[in-house]
Amino acid sequence: MSLEELETRVKKLSMRSTNAKMNLHDLAEELPTDWEKIPEVAAETFEVFKELTAARKELKAAKKAAAEA
């Protein structure tokens, strides 16, 4: 994956993580309404932040490799 593709991926994941964070926040504010959705929304939020963290690490490593080349 090229550096530009990695940057695009991080941007998309960042937007998805912000959306997931807001969904979790909105769910928490409306409790106890829809309390049964907590595991689903929390799992989605966890997964997108996990992907974002991995993508950021991959981008950082790619930038370092490009700088050293």
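This tour moves through a predicted model, one selection at a time.

Begin by selecting residues 3-29, which form helix α1. With 27 residues at 1.5 Å a residue, this helix should span 39 Å, and its end C-alpha atoms are indeed 39 Å apart, so the expected and computed spans agree. Keep α1 selected and show the side chains of L6, V10, L13, S17, A20 and L27, which are buried. Then add residues 38-68, helix α2, which is included in what covers the buried residues of α1.

With both helices on display, select L6, V10, L13, A20, V48, L52, A55 and L59, the 8 residues of the largest nonpolar core. Helices α1 and α2 each supply at least two residues of this core. For a detail within this region, centre the view on A20, which touches T45 and V48 when residues up to four places away in sequence are not counted.

Next, turn to charged side chains, of which 3 salt bridges are counted. Select K63 and E7, whose closest N and O atoms are 3.9 Å apart in a salt bridge. This pair links distant parts of the chain, since K63 lies in helix α2 and E7 in helix α1, 56 residues apart. K63 is partly exposed at 41% relative accessibility, and E7 is also partly exposed, with a relative accessible area of 29%.

Now select R16 and E51, which form a salt bridge with their closest N and O atoms 3.8 Å apart. Here too the pair links distant parts of the chain, with R16 in helix α1 and E51 in helix α2, 35 residues apart. R16 is partly exposed, having a relative accessible area of 45%, and E51 is partly exposed at 30%.

Move on to the loop between α1 and α2, where P32 is placed. Select L31 together with P32, and inspect the peptide bond from L31 to P32, which is cis, with omega near 15°. D34 is found in the loop between α1 and α2 as well, and this residue has a positive phi of about 60° although it is not a glycine. The side chain of D34 meets that of K37 in a salt bridge, at 3.8 Å from N to O. D34 counts as partly exposed at 33% relative accessibility, as does K37 at 39%.

Finish by selecting L31, W35 and I38, and show the surface, where these residues make a nonpolar patch of about 310 Å². Of these, I38 lies in helix α2 and is partly exposed, with a relative accessible area of 36%.

Notes. Residues are numbered from 1 along each chain as its sequence is written. This is a predicted model: local features need pLDDT of at least 70, side-chain atom pairs count only at pLDDT 80 or more; totals for chains, interfaces and linings use all residues. Side-chain values use heavy atoms; hydrogens and water are left out. Helices (H or I, at least four residues) and strands (E, at least two) are DSSP runs, numbered from the N terminus. The expected span of a helix is 1.5 Å times one less than its number of residues. Buried means under 20% relative accessible area, exposed over 50%, partly exposed in between (1.4 Å probe, protein chains only). Contact means heavy atoms within 4.5 Å. A nonpolar core is a set of buried Ala, Val, Leu, Ile, Met, Phe, Trp, Tyr and Cys residues joined through side-chain atoms within 4.5 Å. Patches are made of residues with over 30% relative accessible area and no salt bridge: like charges are joined within 9 Å, nonpolar side chains (Val, Leu, Ile, Met, Phe, Trp, Tyr) within 5 Å. Accessible areas come from the Shrake-Rupley method with a 1.4 Å probe; for residues, only the protein chains shown count as cover. A salt bridge is a side-chain nitrogen of Lys or Arg within 4 Å of a carboxyl oxygen of Asp or Glu.
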